[in-house]
Amino acid sequence: GYEKDDIDKYLREIGAYIIKPATFGYGGSGHADRIFCYRGHFGSIEVKREGKVPTKLQELRMQEVRKAGGFATWGTAGKVHVEIEKWIRGL
């Protein structure tokens, strides 16, 4: 939970709008833990503990986001912060 809390705090600090999907067995599977909008740009984050990797379905969802022109990443809070900062610099 602390990884997600850290990412939520970071997204709020940069002024992003955050959605925390929870399908509870309904709707599509494999969606990111955090979906956000930053200055009109769409992003998604799959939060993982150190040493864990996305499932094949989660990888597919990230590919779909990228194909649609959005930003998609995964990892620990530290890794995600760095990747978002790089993405923001490129906007």
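**Group meeting: a buried aspartate, a helix pair and a strand residue**

So, let's start with Asp 33, which counts as buried, because its relative accessibility is 16% and the cut-off for buried is under 20%. Keep in mind that we're looking at a predicted model.

Where does Asp 33 sit? It's in the loop between strand 1 (17-19) and strand 2 (34-38). Leaving out residues up to four places away in sequence, Asp 33 touches Lys 4, Ile 19, Lys 20, Pro 21, Ile 45, Glu 46 and Val 47. With Val 47 we can be more specific: a polar atom of the Asp 33 side chain lies 2.9 Å from the backbone nitrogen of Val 47.

Okay, on to the helices. Helix 1 covers residues 2-13 and helix 3 covers 77-89, and their axes come within 9 Å, crossing at roughly 25°. That angle is under 35 degrees, so we call helix 1 and helix 3 roughly parallel. Their crossing is right-handed. Who makes the contact? From helix 1 it's Glu 3, Asp 6, Ile 7, Tyr 10 and Leu 11, and from helix 3 it's Ala 77, Val 80, His 81, Ile 84 and Glu 85. Sorted by class, that's six nonpolar, three charged and one polar.

Last stop, Thr 73. You'll find Thr 73 in strand 4, residues 71-75. Is Thr 73 buried or exposed? Its relative accessible area is 2%, so Thr 73 is buried. Setting aside neighbours within four places in sequence, Thr 73 is in contact with Ser 44, Ile 45, Glu 46, Met 62, Arg 66, Lys 79, Val 80 and Glu 83. You've met some of those names already: Ile 45 and Glu 46 also touch Asp 33, and Val 80 is part of the helix 1 and helix 3 contact.

Note on methods: Residues numbered from 1 in each chain as written. Predicted model: local features only at pLDDT ≥ 70, side-chain atom pairs only at ≥ 80, totals over all residues. Heavy atoms only, no water. Helix = DSSP H or I, 4+ residues; strand = E, 2+ residues; numbered from the N terminus. Buried < 20%, exposed > 50% of the residue type's maximum accessible area, 1.4 Å probe, protein only. Contact = heavy atoms within 4.5 Å. Axes fitted to C-alpha atoms, helices over the stretch in contact; angles between N-to-C directions. Parallel < 35°, antiparallel > 145°, perpendicular 65-115°, else oblique. Left-handed = near helix turned anticlockwise from the far one by under 90°. Nonpolar A, V, L, I, M, F, W, Y, C, P; charged D, E, K, R; others polar. Polar contact = N/O pair within 3.5 Å; in protein donor to acceptor, adjacent residues only side chain to side chain.
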